[in-house]
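Please examine the sequence and structure shown here, with attention to how strands pair and how helices pack. The report that follows takes up these topics in turn.

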Amino acid sequence: MKYVDEYRDPAIAIALAGQINHASTKPWVLMEVCGGQTHTLMRYGIGDLIPDSVELVHGPGCPVCVTPLEMIDQAIVLAGRPDTIFTSYGDMLRVPGSRRDLFQARSEGADVRIVYSPMDAVQIARANPAKQVVFFGVGFETTAPANAMAVWQARKEGLQNFSMLVSHVLVPPAMRLILQSPGNRVQGFIAPGHVCAIMGFREYADLAREFHVPIVVGGFEPVDLLEAISMLVAQLETGRAEVENQYSRSVDYLGNRAAQNIMREVFTVTNRKWRGIGEIGSSGLRLKDEFAAFDAEKVFELQSLHVEEPRECVSALVLQGRCKPAQCPAFGTTCTPMHPLGAPMVSAEGACAAWYQYKRHD
Amino acid sequence: MTETLTIKQLAFTCPLPVPAHDRIVLGHGSGGRLSADLLRDVFLQRFSNPVLDRLDDQAVFPIGGAHVAFTTDSFVVQPLFFPGGDIGSLAVHGTVNDLAMAGATPLYISAAFIVEEGLPIGMLRRVADSMANAAEAAGVMIVTGDTKVVERGKGDGVFITTTGIGIVPPGIRMSASEVQPGDIVILSGYIGDHGIAILSSREGLQFDTTILSDSAPLHGLVASMLAASTGIRCMRDPTRGGLSSTLNEIATASGVGIEVVEHKIPVRDEVRGACELLGLDPMYVANEGKLVAVVAPEAAEAVLDAMRNHPLGADAAMIGMAVRDDPGLVTMKTAFGSTRIVDLLPGDQLPRIC
């Protein structure tokens with residue numbers, strides 16, 4: 001498969017691993033921010049190829065994992081309303097709220113449908129004018145433009161029955177939180193390539209300068225990640241802290257302007273709560289007031305639910321790269337994909353689920 | 001545990017577990033771990049007997065000196081007609097294959113139809129035509145049946161249940177519990193074709209692919225394999241839940257580990273492409289015309305040759321072996337030389353967000 005196979009070539013990967021081995025003289029702790037990257041690292045066993053002195057820790061970049069409990073509970077409340085069709089990406093249906101998940105809501109009669117694009121939800125709204133159609137707008141900067149486009153299109157068509165439950169989060173504020181946290185161990189970041197394809201990477205220059213930390217924009221294939229690791233090690237070994245772009249086939253400095261424009265037109269930056277971490281200032285997106293008619297939280301006057309998240313696992317530490325999944329006492333015993341205690345065990349992209357799926361016998 | 005103290009100080013918290021399901025969710029029908037739990041908790045403990053407890057795809061028991069294979073399967077596919085097949089041919093092939101996996105010669109099939117009010121009779125005729133053709137081609141007779149009609153909205157066009165009966169030739173004894181360390185795992189061809197063909201034809205998922213369902217009756221292939229060697233320990237067709245579920249079932253039933261080699265597993269480029277796009281893993285995508293055989297090492301070459309000489313096994317490949325280590329666990333050697341676990345999924349494979 002063109003544009004994929006060359007980035008999965010074992011010979012290139014092994015050569016890159018050799019380069020990393022050769023270049024690293026000290027222990028380094030690197031974080032891949034995005035859950036998709038974590039998945040690739042696990043799937044291909046990249047950790048086994050590179051020297052033990054280069055430690056990879058998994059970042060908070062799994063949208064499923066960081067969507068707060070309240071938001072899942074609100075989704076379940078909305079899904080249970082009469083004459084309502086609740087639409088979502090498939091991943092979100094298994095995420096436990098405080099008592100149940102959307103799959104269970106569906107088994108109790110709620111009309112919950114998996115869609116592959118927010119425009120599919122708009123189409124469902126057109127086809128069902130007597131029903132309220134709500135789309136669960138989650139994700140990082142990657143999914144925000146398409147979600148913005150769906151709201152924009154719905155307004156353009158004057159759809160009265162389409163709205164979005166928005167729980168968008170942004171990557172740079174989460175990286176800042178990790179860097180500021182007193183227990184931070186991360187010395188270099190692989191920035192999420194898909195997010196940067198939208199946003200460019202100018203936002204990361206401030207972080208690199210302020211915290212003197214190298215950041216390499218990385219892709220999602222094994223060769224991409226090994227190359228990014230090699231670039232980070234080269235920077236660390238020579239004391240540099242720059243933003244570099246490994247994923248240049250998809251990412252440039254300024255990003256996708258059209259996507260940024262539609263995001264800016266529809267969304268505005270807001271504080272957001274991250275599951276397992278807590279509220280982070282200016283770390284999310286909400287619909288602008290002029291789109292209030294499409295904001296499910298306003299349309300349905302959802303009372304602001306506050307749900308206490310019980311302290312049962314160390315997912316906050318895992319999401320910040322301060323603890324490996326297997327170091328959690330609950331990992332693989334009381335916390336499994338069948339009975340997740342923490343969100344990182346729920347999504348296939350979650351660090352704990354990826355460890356469980358690919359590495360638990362290590 | 002200083003780190004744990006730190007989280008408490010910072011009030012970093014974690015979500016609650018979801019309580020056990022008290023209602024059926026769709027994942028209970030996925031062929032993954034939820035399905036296995038449902039089977040164990042609801043059915044097996046109530047129906048338990050030595051024939052059922054073998055948990056093969058068919059029951060095999062003696063009647064009047066003959067070894068009879070007996071199986072049943074329900075078909076609820078949407079859309080009813082898909083590239084490369086339809087619910088009718090699938091209902092025949094599925095049951096023929098479950099019999100064939102015991103080495104049985106399929107003989108007779110029953111067909112029960114639950115039809116939804118409003119279904120065009122022309123459509124039912126097309127389904128019945130397809131079943132008749134599939135049965136004739138497979139050399140089985142549909143000898144009894146039943147029809148029920150449910151109110152509009154209480155079905156999904158038509159559901160079909162087929163039950164089949166066949167005879168296992170003397171001397172054949174295959175079961176998922178017969179596998180021993182050192183045995184070789186052979187796969188009959190490309191995986192994922194059926195699942196991707198179905199997905200590509202579903203409403204709301206618009207991508208064009210030339211992939212056809214692999215739906216096919218496998219008893220001819222099985223017969224030529226059995227003629228080539230007596231060293232076949234077990235056969236399974238990796239349908240719902242895909243190759244990973246089948247390998248996990250065999251590993252569990254036999255108490256062995258199974259190691260497969262990623263690059264030896266045949267996956268078409270189009271299927272890989274569709275899986276990349278949708279965030280799916282072909283190891284979990286359904287097949288309807290493939291089989292996995294686990295064979296004694298000395299029999300592997302002969303069985304593989306016999307398979308490759310049959311049209312439905314032309315792309316057969318040795319994909320791995322059973323091992324003593326890690327009983328019940330399936331692992332995969334990647335092209336990078338690393339190893340990963342190939343687990344049962346809890347429920348359905350869900351397309352990832354990004």
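## Parallel pairing of β5 and β6 in chain B

In this predicted model, strand β5 of chain B, which covers residues 105–116, pairs with β6(B) in the parallel sense, and the pairing extends over nine bridges. Within this pairing, the residue of β6(B) that stands opposite Ser110(B) is Thr144(B).

Helix α4 of chain B, made up of residues 121–138, packs on the sheet and touches β5, β6 and β7 (158–168) of chain B, while its direction makes about 175 degrees with that of β5(B).

## The five-stranded sheet of chain B

The two paired strands belong to an open sheet of five strands in chain B, whose order is β1-β2-β7-β5-β6 and whose pairing is mixed. The edges of this sheet are formed by β1 (59–63) and β6 (141–150) of chain B, each of which pairs on one side only. From one strand to the next, the twist averages 20 degrees.

## Strands β10, β13 and β14 of chain B

Strand β10 (residues 257–261) and strand β13 (residues 330–333) of chain B run parallel and are joined by four bridges; here Ile258(B) has Val330(B) of β13(B) as its bridge partner.

Between β13(B) and strand β14 (residues 339–341) of chain B, by contrast, the strands run antiparallel and three bridges join them, with Thr331(B) standing opposite Ile341(B) in β14(B). These two strands, β13(B) and β14(B), form a hairpin in which five residues lie between them, and Gly337(B), located in the turn, has a positive phi of about 85 degrees.

## Helix packing in chain A

Two packed helices are described by the angle between their axes and the distance between the axes. In chain A, helix α7 (residues 118–127) and helix α8 (residues 144–157) pack at an angle of about 25 degrees, and their axes are 8 Å apart. Since angles under 35 degrees count as roughly parallel, α7(A) and α8(A) are therefore roughly parallel to each other, and the crossing in which α7(A) passes α8(A) is right-handed.

On the side of α7(A), the contact is made by Pro118(A), Met119(A), Ala121(A), Val122(A) and Ala125(A), whereas α8(A) contributes Ala146(A), Asn147(A), Ala150(A), Gln153(A) and Ala154(A). Divided by character, the residues of the contact of α7(A) with α8(A) comprise eight nonpolar and two polar residues, with no charged residue among them.

Terms used. Residues are numbered from 1 along each chain as its sequence is written. Chains are lettered from A and ligands numbered from 1 in the order in which they are written. This is a predicted model: local features need pLDDT of at least 70, side-chain atom pairs count only at pLDDT 80 or more; totals for chains, interfaces and linings use all residues. Axes are lines fitted to C-alpha atoms, for helices over the stretch in contact, and angles run from 0 to 180 degrees between N-to-C directions. Angles under 35 degrees count as roughly parallel, over 145 as roughly antiparallel, 65 to 115 as roughly perpendicular and the rest as oblique. A crossing is left-handed if the near helix is turned anticlockwise from the far one by less than a right angle, and right-handed if clockwise. Two residues are in contact if their C-beta atoms, placed from the backbone, lie within 7 Å. Ala, Val, Leu, Ile, Met, Phe, Trp, Tyr, Cys and Pro count as nonpolar, Asp, Glu, Lys and Arg as charged, and the others, Gly among them, as polar. Two strands pair if DSSP finds at least two bridges between them.
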